[in-house]
Amino acid sequence: MLLLSSDLNFLNPNAFFCDFSLFFPDFTLNGFMAPQKKLQGLVAATITPMTQNGEINLSVIGQYVDYLINEQDVKSVFVNGTTGEGLSLSVQERKLLAEEWVAKGKDKLDHVIIHVGALSLPESKGLAKHAAKIGADGIAIIAPFFFKQLNKDGLVAFLRDVASEAPGIPFYYYHIPPLTGIKMRVEELLDGMKEQIPTFQGVKFSDTDLLDFGRCVKKNEQGHLVLLYGVDEQLLSALTMGATGAVGSTYNYLGRASNLILEAFGRGDLLAQKYQFCIQEFLSFVIAQGFGVAQTKAVMTLVSGIPMGPPRLPLSSASEEFIANVKTKLESLKNCPYS
Ligand SMILES: CC(=O)N[C@@H]([C@@H](O)[C@H](O)[C@H](O)CO)[C@@H](O)CC(=O)C(=O)O
């Protein structure tokens with residue numbers, strides 16, 4: 001039987017919750033994208049656990065998966081991104097991590113999205129192919145940031161070349177201008193992207209430019225795309241602007257607290273603002289002391305009890321003073337919101 005993508009209406013993620021691959025086991029292998037469950041809600045940008053010797057520590061990933069689900073109520077992950085130090089890992093390490101997350105998340109996590117962006121096109125393509133082969137639920141690609149492509153067509157050409165290596169799974173553009181320096185408006189990028197890259201499914205938008213984000217939401221009136229926000233301290237603003245979900249580092253340990261924002265927002269309850277203020281109180285406290293991936297690793301170790309280990313150079317470990325300060329701060333926020 002010949003199936004046309006128009007019959008499947010896979011452009012509308014809400015339309016499908018059945019697993020077509022059960023009926024057509026090699027459906028994705030034929031180069032068509034199988035209907036996917038929509039990526040929504042909170043997505044944890046995973047940390048890469050490391051040993052004290054600086055090697056990746058795969059042994060705690062299973063425990064990490066269970067912690068996210070049971071303690072943080074977070075069921076989707078974004079692996080090898082910024083928080084995961086993806087660009088500081090070797091290709092082999094990235095593949096091993098992707099395999100472990102997919103294996104340990106099987107039948108537990110809703111979505112395992114693998115970031116496959118790299119400065120080298122062949123490396124990025126290889127990672128995309130690998131992610132599809134191991135059964136990841138999607139790939140994300142960051143804009144190359146050493147030789148910067150400032151022309152839209154050039155950037156889309158890079159993304160297309162990589163995404164075409166994983167034709168059976170969704171591709172998300174990873175927009176993080178504070179780190180890449182690529183400030184091209186996503187609103188502009190969206191024009192024609194789906195025609196150029198059939199697997200294009202949405203954007204991970206890690207920027208404070210809510211004007212650009214709002215324009216993306218407006219462009220997505222039919223709701224075909226997933227628009228995930230990535231600045232955790234202003235999640236509520238993005239929700240009001242129309243975000244369909246969020247990806248961030250803090251959902252590793254503040255997932256439950258952040259879910260309260262989503263729930264209150266969903267009910268139209270202004271309590272959402274108080275929950276956001278609690279998270280902002282914590283984040284403004286840590287940001288004032290210098291907050292990045294190294295500090296995220298330390299906070300996660302403290303809160304979850306799972307050893308995340310040190311970051312990899314050029315990052316340096318969080319100081320003991322920072323960890324002590326965080327401990328006190330978290331204690332004081334235990335009953336937040338207070339009224
Ligand atoms: C620059 C940065 O690391 N941003 C984080 C945020 O979650 C960030 O840690 C949080 O908003 C606190 O500032 C994420 O957007 C990054 C992310 O999702 C990733 O690790 O790929």
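A polar contact, as I shall use the term, is a pair of N or O atoms within 3.5 Å. With that in hand, good morning, and let us turn to the structure shown above, which is a predicted model.

I begin with the ligand. Threonine 82 places a backbone N or O atom 3.0 Å from one of the ligand's oxygen atoms. That distance lies within the 3.5 Å limit, so the pair counts as a polar contact. Aspartate 232 also takes part through its backbone, with a polar atom 2.9 Å from an oxygen atom of the ligand. Serine 249, by contrast, uses its side chain: a polar atom there lies 2.7 Å from a ligand oxygen. How many residues surround the ligand? There are 17, and the closest are Thr83, Tyr174, Lys204, Gly230 and Glu233.

My second topic is the packing of helices. Two packed helices are described by the angle between their axes and the distance between the axes. I shall present three pairs in those terms.

The first pair is α3, residues 91-105, and α4, residues 121-134; the angle between them is about 20° and their axes are 10 Å apart. Angles under 35 degrees count as roughly parallel, and therefore α3 is roughly parallel to α4. The crossing of α3 past α4 is right-handed. On the α3 side, the contact is made by Val91, Arg94, Lys95, Ala98, Glu99 and Val102, and on the α4 side by Glu123, Gly126, Leu127, His130 and Ile134. Sorted by class, this contact holds 5 nonpolar, 2 polar and 4 charged residues.

The second pair is α11, residues 255-267, with α12, residues 271-289. Here the angle is about 160°, and the axes lie 8 Å apart. Are these helices roughly parallel or roughly antiparallel to each other? An angle over 145 degrees counts as roughly antiparallel, so that is the description for α11 and α12. In this case the crossing is left-handed. From α11, the residues Ala257, Ser258, Leu260, Ile261, Ala264, Phe265 and Arg267 meet Leu271, Ala272, Tyr275, Gln276 and Ile279 of α12. The classes in this contact are 9 nonpolar, 2 polar and 1 charged residues.

The third pair is α13 and α14, whose axes come within 10 Å and cross at roughly 50°. Because of that angle, the two helices are oblique to each other. Their crossing is right-handed. Helix α13 contributes Gln295, Ala298, Val299, Leu302 and Val303 to the contact, while α14 contributes Phe322, Ile323, Val326, Lys327 and Leu330. By class, there are 8 nonpolar, 1 polar and 1 charged residues in the contact of α13 with α14.

I remain with α13 and α14 for a moment, as they lead to my last topic, the backbone. The loop between α13, residues 293-304, and α14, residues 320-332, contains proline 314. Leucine 313 and proline 314 are joined by a cis peptide bond, with an omega of about 15°. Another cis peptide bond joins cysteine 336 to proline 337, and its omega is about 0°. Where does proline 337 lie? Its place is in the segment after α14.

One further backbone feature deserves attention. Aspartate 73 is not a glycine, yet it has a positive phi of about 55°. This aspartate 73 sits in the loop between α2, residues 61-72, and β2, residues 76-79.

That concludes my presentation, and I thank you for your attention.

How values were computed. Residues are numbered from 1 along each chain as its sequence is written. This is a predicted model: local features need pLDDT of at least 70, side-chain atom pairs count only at pLDDT 80 or more; totals for chains, interfaces and linings use all residues. Side-chain values use heavy atoms; hydrogens and water are left out. Axes are lines fitted to C-alpha atoms, for helices over the stretch in contact, and angles run from 0 to 180 degrees between N-to-C directions. Helices (H or I, at least four residues) and strands (E, at least two) are DSSP runs, numbered from the N terminus. Angles under 35 degrees count as roughly parallel, over 145 as roughly antiparallel, 65 to 115 as roughly perpendicular and the rest as oblique. A crossing is left-handed if the near helix is turned anticlockwise from the far one by less than a right angle, and right-handed if clockwise. Contact means heavy atoms within 4.5 Å. Ala, Val, Leu, Ile, Met, Phe, Trp, Tyr, Cys and Pro count as nonpolar, Asp, Glu, Lys and Arg as charged, and the others, Gly among them, as polar. A residue is near a molecule or strand if one of its heavy atoms lies within 4 Å of it. A polar contact is a pair of N or O atoms within 3.5 Å; within protein, one must be able to donate a hydrogen and the other to accept it, and residues adjacent in sequence count only if both atoms are side-chain atoms.
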